[in-house]
Amino acid sequence: MLAKVERKNIQGNEACALGAIAAGCRFFAGYPITPSSEIAHTMSRELPGVGGTFIQMEDEIASMGAVIGASLGGVKAMTATSGPGFSLKQENLGYAAMVEAPCVIANVMRGGPSTGMPTRPGQGDIMQSRWGTHGDHPIIVLAPESVGEVYSETIRAFNLSEALRVPVVVLIDETIGHLLETVDLTPPDPASIIERKWATCDPKDYKPYEITKDRVPAMARPGDGYRAHTTGLTHDETGFPTQDTEKGKNAIGRLLDKLEYHKGKIESYEAIDCDDAETLIVTIGISARAAKRAIKSLRADGIKAGLFRPRTLWPFPEEAMRKAAGKAKTIIVPEMNAGQLIFEVERVIAGKCKTVGVNRYAGDIITPSEIEAAARKVTS
Amino acid sequence: MNMEPHISAEEFDIRQFMRLDLFPHFLCPGCGHGMALRALMWALWEQNISMDKLAVVCGIGCSGRLGAYIDSNTFHTTHGRPLAYATGLALARPDLHVVVITGDGDCLAIGGNHLIHACRRNVNMTCLMLNNEVYGMTGGQVSPTTSPTRYTTTTPYGNAEPVFDACKLAEAAGAGFVGREVTMQVPTLKDLIKQAFDYDGFSFVEIISDCTEIFGRKNQLGESAEMIMSQKASTRPDSYGTRVDEPFRPNSLPTGVLVKTDRLEYRAHQQSLNPKGQK
């Protein structure tokens, strides 16, 4: 029997909330911030009906703390915010990475630094989403380009977060967050929904941060008799803090190696017309939608243009991009900031071809014609 | 107030609830936090709260390190945020008995916003704030509860700031249960913590502790015994009531149960709302 197809015309922000609930999210703590607030609105309306909890906390820091608290209690949890709030959440986000508490953070990017342009789009948190919290840490960042992808990527965010015990950021720009598109909201196959690995061994043998082959330790659910200790201090396999640099090295090494080991599971990208592309466009989110249109016009005029779009922005799918850029003479990087993604592209391509940025950093989206013009300039 | 049969200190063996393999503990000689921990564990034992169903959420600082020694589900969170973490945990897992251990800097300075909203919100948990007037772990800096004129490593000429009265703050923010006790009389403190556990909602207990090594010595307050004796001497227990006139007992620091009001617990309140009636 075919599954019931449920199509609805909704906003990206609503799709994010509905995707989360479909993925099993049952706890949301947030703080009002434009342009992400509709995620909180939808959660406050929908969560009680599925036995979940919504709470509006006193600030961004508290919302992130409450999310981690709920996650440590064993419930799938998320929060949503925008640039200024994302900055405030960073310390606790680092804690989640360190204690390996699964959680999802939707960051709907506004324009500009500081308070910036709250109702206008931006892509200024590309680097903050990777390096926002202090110290070396694992984190996954997903960058959807449509309302439908916000739904499916939010589900994927929860699955990755639970499977790998790592915080996952869904990086949405304001345009996608407020874009209305018709989306297939068919609930995912229950078998595809991932639950974290719970400790089932004898409590006497339990090591909360055991170094195993798959780098993901089983989590103890409070109340199940494991009586584990959780700390943001550097801890060894027992979960207790250590000053032993050798043990610290092993523990942090395992933590940092986790995503590299599971790279195949995490990586996701779209490569269009890359095989013979002499002009490769690398971009994310709404800027990728503009790039797709630009490629069509460029190809019609015989310009060999292609698009590489990392759906998983971090860890950056570097080998796939290198392959996509095999024939490239120039890589164009359109982004709604003064140049962030271009740094990663330049690192990956290591001087093998020219890079050109197309930048808008004051609340405007990048148009197809701007990308086209940049491509025509480098090929003329 | 406490009508239960008296259980003597000798019958209560704290060691059975401790992670003894982590001993010796890190507390300085004379630190009052050990007595606070004993009172907490004693209260848990008398209330028959299972270590499996207990969740201890701590912040950062000397108080924050206590959790690691308790053989239970223990969470050492970020500086100032244990109440936020505990709120998420308590709402996600109402079957757990949630206790927060925090300090004067953790709870009143960096975490002050979380305290006032936790008091107002009334999620079921008990918050124990260990007040030793100083940031001990970071090297003895001035805190929001450091007495005026006291010397600390960041007030080398004396403290010019007035103290925060944590209990008045909690009361003003709407906390349904507020209490205060010194560490000198562990059984009295234990009984107060038990009453806080019994309260259905957010209960706040300030425990006046002493930092002998870093604060006491710098201010020539004497050894631990002298410090806790003078703390005790400054209190005015709630049991005095109006029976002892001010002129005869001028002691100013109220202790015991300071506030106890009937308030609907947050989760119960939330569940009483009709989802169909939502706008």
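Which strands of chain A does helix 10 (residues 285-300) lie across? Keep that in mind while we set up the view.

What you have open is a predicted model, in which local features need pLDDT of at least 70 and side-chain atom pairs count only at pLDDT 80 or more, while totals for chains, interfaces and linings use all residues. Residues are numbered from 1 along each chain as its sequence is written, and chains are lettered from A and ligands numbered from 1 in the order in which they are written.

**Stop 1: helix 10 and its sheet**

Select helix 10 of chain A: it lies across strand 11, strand 12, strand 13 and strand 15 (330-335) of chain A, at about 165° to strand 13. Helices (H or I, at least four residues) and strands (E, at least two) are DSSP runs, numbered from the N terminus. Angles run from 0 to 180 degrees between N-to-C directions, with axes fitted to C-alpha atoms, for helices over the stretch in contact. Next, add helix 12 (residues 341-349) of chain A, which packs on the sheet and touches strand 12, strand 15 and strand 16, its direction making about 160° with that of strand 15.

Now show the sheet itself: five strands of chain A form an open, mixed sheet in the order 11-13-12-15-16. Its edge strands are strand 11 (269-272) and strand 16 (354-359) of chain A. From one strand to the next, the twist averages 20°. Zoom in on strand 12 (residues 279-282) and strand 13 (residues 305-310) of chain A, which pair in the parallel sense over four bridges; strands pair if DSSP finds at least two bridges between them. Here A:Thr279 stands opposite A:Ala305.

**Stop 2: across to chain B**

Pick strand 10 (residues 229-231) of chain A together with strand 2 of chain B; the two pair in the parallel sense over three bridges. A:Thr231 stands opposite B:His76 there.

Widen the selection to the interface, where 31 residues of chain B are in contact with 37 residues of chain A (C-beta atoms, placed from the backbone, within 7 Å). Strand 2 (73-76), helix 2 (82-92) and helix 4 (112-121) of chain B each supply at least two residues of the side that touches chain A. Helix 2 of chain B gives the most, with eight residues.

**Stop 3: zoom out on chain A**

Colour chain A by domain: domain 1 (7-192), domain 2 (203-264) and domain 3 (271-379), with bounds from an automatic or database domain assignment. The C-alpha centres of domain 2 and domain 3 of chain A lie 39 Å apart. Along its principal axes, the C-alpha trace of chain A spans about 70 × 50 × 50 Å.

Note on methods. Contact = placed C-beta atoms within 7 Å.
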